[in-house]
Structures are given as structure tokens and as C-alpha cells.
Amino acid sequence: MVIGEHGEEITVSMEDAMAKVRSSRDFMLVTYVDYYQSKPMLWNSLTDEEKQQLSDYRQALLDWPQTIKQIYGDTPPNSYAKHQPSQPQLFESHPRGIMFP
């Protein structure tokens, strides 16, 4: 039996838990990062600082599964969303707005 950080029994496997993390990460990459990077006119309208923030956010998302593994070790994460990278302020202008401030 695996016990989570709040004393609860965790019944999901590490493989399944990390698949959920990667799925969430992929959703955020497609929905938010690609929204800006795949539209040349939108991308070119960003300031250099906003482009850097977007690039940093993208890298943080790519690193997120490894970050989760470092935090939880061999225990499947049960509350990984609280460790999701913070979205840049420029997402206020995104059609979905900021999901994870």
C-alpha cells in the first residue's frame, strides 16, 4: 500500500499518474504555447519579454514531469496540479484566460 502526502491510500500506479501529468502538460502546450507560437502575426506582436516568458513557460512545462518525480519520488503523485508551472501574465489575453496563476 502506498500512502500519499495527506495520509490517504494511493491506488493509482506511478505509470498511470505520470501519464496524467504528461497529458495535462501536453494539453497546456497545445492550448496555450502553440496558440502564440503557431500564429506568426500574434507571435510577432509579443514583446521580447513576453516571448521570453512564453519560452520559459514552455520549458517549465517540458520539465514538469521530472519536477513531479523529484518532489514525489516513487510515490505516485495525487495532487500534481499544485506544482504546475505558473502561467505568464500575457495569457490574460488568451481566449481561455489564465488557468493556473
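Biologist: What phi does Gly-73 take, just after helix 3?

Modeller: Gly-73 has a positive phi of about 65°. Helices are DSSP runs of H or I with at least four residues, and strands are runs of E with at least two, both numbered from the N terminus. This is a predicted model, in which local features need pLDDT of at least 70, side-chain atom pairs count only at pLDDT 80 or more, and totals for chains, interfaces and linings use all residues. Residues are numbered from 1 along each chain as its sequence is written, and side-chain values use heavy atoms, leaving out hydrogens and water.

Biologist: How do you know that the span of helix 3 agrees with its number of residues?

Modeller: The expected span is 1.5 Å times one less than the number of residues. For the 25 residues of helix 3 this gives 36 Å, and the end C-alpha atoms lie 35 Å apart, so the two agree.

Biologist: What is the bend of helix 3 at Trp-64?

Modeller: Helix 3 bends there by about 50°, with Pro-65 following within four residues. The bend is the angle between axes fitted to the seven residues ending at a residue and the seven starting there.

Biologist: Why is Gln-84 called buried?

Modeller: Buried means under 20% relative accessible area, exposed over 50%, and partly exposed in between, with a 1.4 Å probe and protein chains only. Gln-84 has 9%, and is therefore buried.

Biologist: Which residues does Gln-84 touch, beyond four places away in sequence?

Modeller: Gln-84 touches Met-28, Tyr-57, Leu-61, Trp-64 and Phe-100, where contact means heavy atoms within 4.5 Å. Tyr-57, Leu-61 and Trp-64 are among the buried residues of helix 3.
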